[in-house]
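Trainee: Got a minute? I'd like to go through some contacts and labels with you.

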Amino acid sequence: MRRQVAIVGYGGTKFSRDETQIDSELLSATKSLFDNSPNLTQRDIEAVLVSTNNDSKYLSTILSERCGISPKISHQVENLCNSGTSAIVSAYAYIVSGLADVVLVAGADKHDEGIRKVIEWDCYRGEYKHPIFWASFFTRAYKRKYGTTDEDLAIVSAKNHRNAQDNPNAYSKKAYSIEEIMKSKRITDDLRILDCSRSCTGASAILLASEDVARKFTEEPVWIKGIGQKTGPSQFTKFNDYSSMSTSKEAGQNAFKMAKMDPHDVDVSEIHDAFTVCELMAIEDLGLVSKGNGAKFVKTLYDTDDRKINPRGGVIGAGHVFGATGIAQVIEIAEQLQGKAKKRQVKNAQVGLVHNMSAAATSSNVMVLQS
Amino acid sequence: MNKFESELERGNFVTSECSNCKEIVWPPSDFCSKCLGNVKWRDVLKNGKLLEFSIKDGKIFGIAEFENKIRVISTLKSSEIGEPKIGQDLILENCGFKDGNYSFTSILAL
């Protein structure tokens, strides 16, 4: 039987538009993890993984040295916007294989550096490389298929900005009305500025441990029950349907299968809302709601202040740190399942889901966690 | 600069095609993604169709598909008033490569 793997510690920095150096961000997030984990010593950590899109080299070795860690294994993981969960999956694999019992994963980036890389990549987008262009296609296709309105999309943004107010590490400190969002600056005929997430500087760190040692670090381990990943073509233009994210759908199915659960079991979710339409598409593709009913579902959440989708404010409210977002999402679900999410807490949350995707959902990672 | 880019710089839109199984290899590559055979280069037929579009500051752009496989994002020109239609025919008017950036412009057919 496969060894169980738990989340046993975490820490992070506030997401911002600061110019802080990436090694400082990584160090601060890791220091915060140690501060939150009184039973953890540097000698406990056998592997250190850094997730980032930054050009700096050898960051896992540098971070280890600065923290006084002498790991057996250390390396960097890059996979655009889902770098964070990709690194966590690697850590999981190290633990399950027996190569390590305790793994530190730290992710960081500086604002706009990831976006610059996107612009260097998939040149067949011509002069339309920026993510706002794929998001415009997705939004138009989704609205055409399901009759979704601008107000439906604005509600996603209003909900996530409001939720972010109770997240001390969130970039956005302002809640917006639906009307303000619908009147915000127009980017394309299909998108307004408040439909978009914003690239930020920041870092998140998480500690994973095997079932053999997990309770040394916490009395409330959160177990990774399911992992699903799917990589599609690097070019989103190859999709058959621009109103659906097929890699997210398949990754979700794989994660639920591994966890021996289904979408009805999920109490709380972190969804990769790079743009408002992505939240609606993702919750439908993951089976959390039936196709075409995402907007109605999110409106109910907004009207009732139900935080089961994106309680930390999502990527739109919390800000997007390419290397750290996936880790921050997993930390949020861990806090929810431990009952430590304070004002953001979803009552009686037992099972949580994380959805983290890259580059127009050309690849997706989904994780199912349980308290 | 690779073969695709050097041709694009001259205004030629080309693709790689497998010499063995005749599969269009897109995005262009040195070997066939289906059988890993060697490729040859040829011009792309300029008649295509529109798969999706959006508009920024009055400028229309969209996903153009050629030969039922090759897809790029193209600036779109039209003599018609109003929005384009999904599936509408188009013709590649020009393409280029400057300062590391590709560009494609197509004319929507009436």
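Mentor: Sure, let's take the chain contacts, then the domains, then the core. This is a predicted model, where local features need pLDDT of at least 70, side-chain atom pairs count only at pLDDT 80 or more, and totals for chains, interfaces and linings use all residues. Residues are numbered from 1 along each chain as its sequence is written, while chains are lettered from A and ligands numbered from 1 in the order in which they are written.

Trainee: What makes residues of chain A and chain B count as in contact?

Mentor: Their C-beta atoms, placed from the backbone, lie within 7 Å. By that rule 18 residues of chain A are in contact with 15 residues of chain B. On the chain A side, helix α5 (residues 131-146; helices are DSSP runs of H or I, at least four residues) gives the largest share, five residues.

Trainee: How do you know where the domains of chain B lie?

Mentor: The bounds come from an automatic or database domain assignment, which gives domain 1 (3-43) and domain 2 (47-108). Their centres, taken over C-alpha atoms, are 21 Å apart. Eight residues of domain 1 of chain B are in contact with nine of domain 2 of chain B, and helix α1 (residues 3-9) of chain B gives the most to the domain 1 side, with three residues.

Trainee: Why is Val105(A) called a core residue?

Mentor: A nonpolar core is a set of buried Ala, Val, Leu, Ile, Met, Phe, Trp, Tyr and Cys residues joined through C-beta atoms within 7 Å; buried means 20 or more other C-beta atoms within 10 Å of a residue's own. Val105(A) is one of the 143 residues in the largest such core, so it fits that definition. Among the residues Val105(A) touches are Leu49(A), Ile88(A) and Ile327(A).

Terms used. Contact = placed C-beta atoms within 7 Å. Helix = DSSP H or I, 4+ residues; strand = E, 2+ residues; numbered from the N terminus. Buried ≥ 20, exposed ≤ 12 C-beta atoms within 10 Å, placed from the backbone. Lists of a residue's contacts leave out its neighbours within four places in sequence.
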